[in-house]
Amino acid sequence: MTEQEVTPVIEMDETSDADSGDDWSETNEDAQTVTCLFCKDTTDGITNALKHLEVLHNFALSNFITKHSLDTYSYIKLINFIRQKNIQPEQLNTLCIKDWQNDEYLYPVIEDDPLLMYDVEDLEKKPVNVISYTVNSENGCVTLSEAHFAELQRTIQTLKAQLEQREIACFLAKQQVNEMVEQAQKLVLDDEQENVEEIIETKRNSHADEGYFNTYSHFAIHHEMLTDSIRTKSYRDALFSNSTRFNNCIMLDVGCGTGILSMFAAISGCRKVISVDQSDVIYQAMDIVRENNLDNVITLKKGRLEDITLGEEKVDAIISEWMGYFLLFEGMLDTIIYARDHYLVTNGVLMPNRCSMSIVGSGDTQRYVDLIDYWSNVYGFKMSCMKNEVLKEPSIEICRPEYIITTPAEIQTFDLYTVTTDCVNFSAPFNLTVKKTGSLTAIIGYFDVFFDLETAINFSTGPNAPPTHWKQTVFSLKEPISITEGEVLSGKLICRRHIKDVRGLIITIHIKDFSQVYYMN
């Protein structure tokens, strides 16, 4: 066996917390008084401040920056985070870059803080250390000593840690870019329309809204809603089981349709029910009410609630089945808010009075193949552009419970007694815990409805509840995401009112390194 010198070039990070911070650039440091990060001591100049950190606190700031691959903004947030939270060096070893990434840490704790003036990009690059190994080689094979092998293993672990930190920094940078885009879009929206109420009123007064009401002139949709026993019986039970609350009261039914809720209200003891609907189905509702001998209690009015006269200054209760797909799409929440603010007496009742929106993860890989991957090969032809179009529009379907592979996350709650028309615009962080190893192929959206009365009634449109005509809203992912049982998937859902369609929504979902915009209009 022959012995020869082999010199592989390996980048090693052999710095430690005892290294000095002399590689920092010095700018007028003699004229600067620097307050220590961890105590109340002050020093003259950055160099002395860094030496103070090393000697008294055993903390090398430059090494910490290199270890976490901090850019300028992350470095500024770190300094302000330490000062604001009174963090000590030993605590920093247990934290990661995510802990100081909130934009609130961009604001200086100490005015004209010299430590904030340094650009971390100016830090000198660490020299590349070349380690010479004496190894044995024979027949093209290299045999390392146990010590050399252990050193290489440590190097690999160090490089892996550095790569992980850079990936985290990259992901956080993407999130910041998305948030800036979101803020820019909101600014554009604010510039084009002075406020949300003006958008709503302008759109509602135009002919563009006629299509929405014309939809409810078709009888099939009313058959679908009436045969939804979960929906219809929940309203009936809320009225009948709390009949003493509604005895002798005046009830307003917004969007009455065929009048089923109005008739429930009349039977529950209301002395007067005012039923309003803009679609032509109200003419059938008039016949239905007369057919059931309730025309002495129920008064029906055709038109927009905002345009007509009720004949009553105030009402004791408002009932409406206003919810749309994903709760807010094509819903009548804006009209309910108008009715509440203009007609409901103090301490009056809203039915329902509370709703919540939730999401959950799905791993239905066969659905993904059939709906999304299908466009990769259509009779031998590629139609990738169609895949992108399919992804933009969420689908409304019943999701099978066996494909639900995460815990649910509630993303928003609406108290109808207090919400405003701007409640449609929200940003909600979420965490989904994986229950089963596999592939995440879609995010499922649904909502719950609550009648918080003396006898409380509620129902859910979720995948684990009995199906309703709302089904669930499926936001398909462009590519499946590999997930492991016990893993926590963090993300954010951003909902915005569609600027060109007052009843439409723009939904953005960020999860892991995935980001997708969906349009419901």
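**View 1. Aspartate 341, partly exposed, and its salt-bridge partner.** Aspartate 341 is partly exposed in this close-up, with a relative accessible area of 48%, and the model from which the view is taken is a predicted one. Arginine 340, by contrast, is buried, its relative accessible area being 12%, a value that falls under the 20% below which a residue counts as buried. The side chains of arginine 340 and aspartate 341 come together in a salt bridge, with a distance of 2.8 Å from N to O.

**View 2. A salt bridge between lysine 512 and glutamate 487.** The side chains of these two residues meet in a salt bridge, N to O, at 2.9 Å. The pair links distant parts of the chain, for lysine 512 sits in the loop between strand S19 (505–511) and strand S20 (514–520), while glutamate 487 sits in the loop between strand S17 (472–483) and strand S18 (488–497), 25 residues apart. Lysine 512 counts as partly exposed at 29% relative accessibility, and glutamate 487 likewise counts as partly exposed, at 22%. Elsewhere, Arg304, Glu306 and Asp307 are joined into one network by salt bridges that share partners.

**View 3. Aspartate 287 and arginine 290 within helix H12.** In this view the side chains of aspartate 287 and arginine 290 form a salt bridge, with 2.5 Å from N to O. Both residues belong to helix H12 (residues 281–291), and because they are three residues apart there, about one helical turn separates them. Aspartate 287 is partly exposed, at 42% relative accessibility, and arginine 290 is also partly exposed, with a relative accessible area of 46%. A search of the whole structure finds 15 salt bridges.

**View 4. The tilted ring pair of phenylalanine 81 and tryptophan 100.** A search of the whole structure finds 13 aromatic pairs. In the pair shown here, the ring centres of phenylalanine 81 and tryptophan 100 are 6.1 Å apart and the planes stand at 40°, so the pair is tilted. Phenylalanine 81 lies in helix H3 (residues 72–85), whereas tryptophan 100 lies in the loop between helix H4 (89–92) and strand S4 (133–138), so the pair ties together parts that are 19 residues apart in sequence. Phenylalanine 81 and tryptophan 100 are both buried. Ring pairs also link these two residues with Phe38, Phe59, Phe64 and Tyr105 into a cluster.

**View 5. An edge-to-face pair formed by tyrosine 235 and phenylalanine 451.** The rings of tyrosine 235 and phenylalanine 451 have centres 5.0 Å apart and planes at 80°, so the pair is edge-to-face. Distant parts of the chain are linked by this pair, with tyrosine 235 in helix H9 (residues 229–240) and phenylalanine 451 in strand S15 (residues 438–451), 216 residues apart. Tyrosine 235 is buried, as is phenylalanine 451.

**View 6. Arginine 354 over the face of phenylalanine 450.** In this last close-up, arginine 354 lies over the face of the phenylalanine 450 ring, at 3.9 Å from the ring centre.

**Overview. The protein as a whole.** The protein that contains these sites has 15 helices and 20 strands, and 46% of its 521 residues count as buried. Among the contacts in the protein with a separation of 6 or more, 74% are accounted for by residues 24 or more positions apart. The accessible surface comes to about 26,800 Å², of which 49% belongs to carbon and sulfur atoms.

Technical notes:
Residues numbered from 1 in each chain as written. Predicted model: local features only at pLDDT ≥ 70, side-chain atom pairs only at ≥ 80, totals over all residues. Heavy atoms only, no water. Phe/Tyr/Trp six-rings, centres within 6.5 Å; stacked < 30°, edge-to-face > 60°. Helix = DSSP H or I, 4+ residues; strand = E, 2+ residues; numbered from the N terminus. Buried < 20%, exposed > 50% of the residue type's maximum accessible area, 1.4 Å probe, protein only. Lys NZ or Arg CZ within 6 Å of the ring centre and 35° of its normal. Salt bridge = Lys/Arg side-chain N within 4 Å of Asp/Glu carboxyl O. Contact = heavy atoms within 4.5 Å. Areas by Shrake-Rupley, 256 points an atom, 1.4 Å probe, with all protein chains shown as cover.
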